[in-house]
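Here are my notes for a first look at this entry. Please keep the sequence and the structure open while reading.

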Amino acid sequence: MITTKKAFATAAVLAICVSGLSACGGSSADPSKGHVYFMNSKSEIVDQLDELAATYTKETGVQVDVQTATAGTYDSTMSSELAKSNAPTMFNISGYDQFAKYTDYLEPLQDTEAYKLLNDEGKAYSYTADGNSYTLPYAAEWYGIIYNKKILNDYASKDYAVIKSADDIKDYDTLKKVAESIQEHKDDLGLDGAFATPGLDASDTYRFTAHMARLPLYFEYKDKDTTFSKTIDGTYLDNYKDLFDLELKNSPTEPGLISSKTYDDCTSEFALGTVAFYPNGVWAYSQIKDNEVADEDLGMLPYFMGIDGEEDYGPAGVYDASWAVNKNASDLDKQATLDFIKWLVTDDEAKKVLSQDMGFSVPFTTFGDDDQPDNPLTTAAKAYTAEGKTEVRSFTVPDQKWQDDIASALIEYAQGTSKWDTVQTAFVDGWSTEWDNNESSLGTLPEAQPFES
């Protein structure tokens with residue numbers, strides 16, 4: 001997903017020195033208390049990790065070192081560091097491919113205090129195998145159809161409106177009627193279109209291949225009562241097509257030109273108040289704020305696409321970023337690492353850094369309403385759970401190639417150079433092909449469990 005990141009002039013393998021650490025010239029660390037060495041993949045939070053590590057060392061005497069790989073080098077850096085005698089004691093896992101690649105280094109965590117502090121959603125997204133849970137998700141995010149309340153209120157006041165308020169949009173049929181009506185009357189409303197352009201430049205395809213594509217997968221898995229299948233039928237791809245077509249026909253951009261529209265282009269359409277709807281996630285807030293849409297005018301709908309029972313579901317959740325512990329570390333260092341992780345999610349000041357400074361909605365029971373990031377889209381998404389709606393789970397997809405092939409097929413379909421069958425083939429046949437490739441290269445596949453587990 002797209003996030004705004006600070007620029008860091010770092011080498012690919014840069015040890016971040018933290019004040020008070022013996023490794024960086026300090027004297028407050030006590031070697032007899034163990035050592036925490038965190039291999040971090042998120043360069044945008046280096047400053048905050050520096051702060052947390054320094055504070056923990058000062059309070060406990062436990063040395064904490066953090067190393068961050070620059071974008072695109074995490075796997076190569078991890079492989080190199082894990083081969084060393086002083087290997088990382090904890091590291092990031094993001095996606096099934098990394099989980100499978102580093103399985104031999106993962107400590108089972110289900111009996112640890114930190115794991116027991118995860119909320120139900122966090123536990124559901126912990127990577128498991130052979131009855132063991134190996135990761136601790138630490139950043140929850142949601143995606144759905146972001147909308148501008150001010151625009152919808154203005155529209156609802158018109159005599160041609162098909163709704164009385166945004167609260168009336170509870171399914172795809174209503175969303176379709178509203179979007180088409182807004183498009184028809186866009187000049188009167190002062191808009192360029194109902195939906196932001198479904199951009200298929202490489203910077204924006206993730207909205208359709210990594211996120212929207214998970215809705216038909218979720219409901220097919222639900223039918224199959226499983227959390228993983230190496231083959232799929234594409235049962236709900238017609239529903240996916242309906243929503244894609246709705247966006248395609250009711251945006252500011254001609255369908256044949258959408259492959260040239262970038263993430264920034266599409267986000268700007270919504271941020272500048274020229275469209276009513278924008279399918280994306282809570283992370284888009286950083287690009288939307290301080291433009292033409294006030295915080296109080298930001299709302300989020302689920303990805304409605306006409307699937308039976310969809311009115312009972314809220315936005316989709318995604319928990320890609322997780323912590324893992326190196327099982328090959330010494331017992332002393334493993335315990336020091338587990339204690340550090342527990343401190344991160346229980347200490348009041350550490351919690352503030354994670355939620356407010358880093359901006360994470362952290363899926364641990366120790367984080368209450370007052371510990372959530374200041375993001376109106378997160379608030380809107382979480383409101384569905386409070387209303388009793390079921391969160392759509394983002395099951396893992398095979399790899400980037402599967403996503404890229406779907407994006408290419410969508411471009412051809414939008415341009416009119418191929419039929420929808422091309423998308424269907426990329427989605428369904430590509431799914432089994434890429435999982436076969438993963439099984440050959442990684443030697444393992446996700447463990448299937450009953451859907452509601």
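The numbered points below cover the cores, the cavities, a strand pair and one helix residue.

1. Status of the model. This is a predicted model. Please read every point below with that in mind.

2. Main core. The largest nonpolar core holds 109 residues. Phe-91, Leu-175, Ile-182, Phe-244 and Phe-277 touch the most other members. Helix 18, residues 420–442, gives this core its largest share, 7 residues.

3. Another core. Apart from the largest core lies another one, of 36 residues. Its members include Tyr-138, Val-353, Val-362 and Phe-367. Keep Tyr-138 in mind for the largest cavity, where Tyr-138 is one of the lining residues.

4. Cavities overall. How many cavities of 30 Å³ or more does a search of the whole structure find? The search finds 2. The largest contains about 70 Å³ of space, and the second largest has a volume of about 50 Å³.

5. Largest cavity. The lining consists of Phe-38, Ile-45, Leu-49, Leu-52, Tyr-138, Trp-323, Phe-340, Leu-344, Leu-354 and Met-358. By class, that makes 10 nonpolar residues, no polar and no charged. Helix 1 (46–60) and helix 14 (331–346) each contribute at least two residues to the lining.

6. Second largest cavity. Here the lining is Leu-215, Phe-219, Pro-302, Tyr-303, Met-305, Ile-307, Glu-310, Tyr-313, Gly-314 and Val-392. The split is 8 nonpolar, 1 polar and 1 charged. Helix 10 (214–224) and strand 12 (313–318) each supply at least two of the lining residues.

7. Strand 3. Are the residues of strand 3 (63–68) mostly covered or uncovered? They are mostly covered: 6 of 6 are buried. Both faces are covered. Gln-63, Asp-65 and Gln-67 are buried on one side. Val-64, Val-66 and Thr-68 are buried on the other.

8. Strand pairing. Strand 2 (residues 35–40) runs parallel to strand 3, and 6 bridges join them. Val-36 has Val-64 of strand 3 as its bridge partner. From strand 2 the chain passes through helix 1 to strand 3, in a right-handed β-α-β crossover. Helix 1 also appears in point 5, as a supplier of lining residues for the largest cavity.

9. Asp-154. This residue sits in helix 6, residues 149–156. Why does Asp-154 count as partly exposed? Its relative accessibility is 32%, and partly exposed covers values between the 20% and 50% cut-offs. Asp-154 and Leu-189 are 35 residues apart in sequence, with their C-alpha atoms 7.7 Å apart in space.

How values were computed
Residues numbered from 1 in each chain as written. Predicted model: local features only at pLDDT ≥ 70, side-chain atom pairs only at ≥ 80, totals over all residues. Heavy atoms only, no water. Core = buried A, V, L, I, M, F, W, Y, C linked by side-chain atoms within 4.5 Å. Buried < 20%, exposed > 50% of the residue type's maximum accessible area, 1.4 Å probe, protein only. Helix = DSSP H or I, 4+ residues; strand = E, 2+ residues; numbered from the N terminus. 1 Å grid on protein atoms, 1.4 Å probe; cavity = no way out; pocket = protein on both sides within 12 Å on 5 of 7 lines; lining within 4 Å. Points joined across faces, edges and corners; volume = space filled by probe spheres on them. Nonpolar A, V, L, I, M, F, W, Y, C, P; charged D, E, K, R; others polar. Pairing = 2+ DSSP bridges. Right-handed = clockwise from strand over helix to strand, strands pointing away.
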